[in-house]
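Student: I am new to this structure. Please take me through one part of it closely, the enclosed spaces.

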Amino acid sequence: MLALAGCRSSALPPKFAATAGYHSPRPVQHCDTANSLLAPELPSAPQKRVQPEVQPATTNTSAHPSSKKRGQPNRLGSFQPKPTIRDTVSGTTQPLVSRRPRQYASPKFFSVQTLVHYGLHFLFPAVLALVFFPAVWQTAYLIMLATMIMDLDHLLAKPIFDPLRCSIGYHPLHSFYAIPVYTLLLLLPVTRIAAVGLLFHLFTDTVDCLWIFSHCRACYLNSRIYALRSWVKRLLAREKGK
């Protein structure tokens with residue numbers, strides 16, 4: 001009985017505890033630190049996932065005419081064109097400078113060169129006729145004009161007329177083999193007037209060739225005059241070597 005009474009008395013506070021300043025101990029609150037750190041402080045409703053608004057990429061339709069065929073959809077569902085080899089090359093490299101041969105302009109019909117060329121062909125023979133054949137200068141002038149028939153050998157060339165072509169050494173009647181024949185005709189009185197006309201015709205064409213060479217280096221290197229000059233230089237080099 002005493003034991004039971006003692007347990008009860010310990011469980012019930014004495015009546016004089018309030019007067020003595022006794023206060024019953026407050027119940028200890030047990031906190032679960034693991035759950036308090038992980039759990040949210042305030043319950044909240046589940047938030048919806050908001051996707052950012054993305055402006056559709058604008059592409060140049062002329063540069064990429066079929067972007068949907070060449071591109072693949074990305075995560076946002078818009079098609080992005082794949083870079084092609086053409087786009088990469090055009091963006092990283094610079095255009096190469098074409099190395100074409102230099103084009104030379106053909107001489108105009110109404111130019112100083114043309115006027116000099118045909119002036120020597122048709123006008124200057126009258127001066128030669130007055131100087132060398134004054135007694136028969138009119139007949140001599142007509143014979144010299146008749147020597148223009150030697151230009152018929154242009155019909156054997158293709159093209160027939162090329163303003164950048166030197167006729168000396170190229171056509172048969174303008175060849176280097178014909179020049180000695182025309183020179184021998186000077187020895188005969190009958191053919192002397194014709195020989196003067198033929199040789200002066202070749203002189204006029206030579207002046208025209210030099211005029212062409214002054215503005216067309218390739219024309220000079222491809223001419224028969226340059227080939228003759230190279231042949232003479234090789235021949236003289238062999239003579240010196242001996």
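Student: Which residues line the second largest cavity?

Tutor: Keep in mind that this is a predicted model. The second largest cavity is lined by Gln113, Val116, His117, Leu120, Thr204, Val207, Asp208 and Trp211. About 30 Å³ of space lies inside this cavity. Two helices matter here: α5 and α9 each supply at least two residues of its lining. By class, the lining has four nonpolar, three polar and one charged residues.

Now set the largest cavity beside it. The count comes to two cavities of 30 Å³ or more. The largest holds about 50 Å³ of space. Its lining is Leu120, His121, Pro125, Met144, Thr147, Met148, Gly197, Phe200 and His201. Leu120 appears here, and Leu120 also lines the second largest cavity. Again α5 (112-122) and α9 (192-213) each give at least two lining residues. The largest share, three residues, comes from α9. This lining divides into five nonpolar, four polar and no charged residues. The second largest cavity, by contrast, has one charged residue in its lining.

A word on confidence. The mean pLDDT of the protein is 73, and 54% of its residues reach 70 or more. Over residues 33-42 the pLDDT is below 50, and this stretch has zero contacts beyond near neighbours in sequence. Over residues 61-71 the pLDDT is also below 50, but that stretch has 13 such contacts in the model. Where pLDDT is low, the predicted coordinates should not be read in detail.

Note on methods. Residues are numbered from 1 along each chain as its sequence is written. This is a predicted model: local features need pLDDT of at least 70, side-chain atom pairs count only at pLDDT 80 or more; totals for chains, interfaces and linings use all residues. Side-chain values use heavy atoms; hydrogens and water are left out. pLDDT is the predictor's confidence in each residue, from 0 to 100. Contact means heavy atoms within 4.5 Å. On a 1 Å grid over the protein atoms alone, a cavity is a set of points where a 1.4 Å probe fits but cannot get out, and a pocket is an open set with protein on both sides within 12 Å along at least five of seven lines; lining residues have an atom within 4 Å of a point. Grid points are joined across faces, edges and corners, and a volume is the space filled by probe spheres set on the points. Helices (H or I, at least four residues) and strands (E, at least two) are DSSP runs, numbered from the N terminus. Ala, Val, Leu, Ile, Met, Phe, Trp, Tyr, Cys and Pro count as nonpolar, Asp, Glu, Lys and Arg as charged, and the others, Gly among them, as polar.
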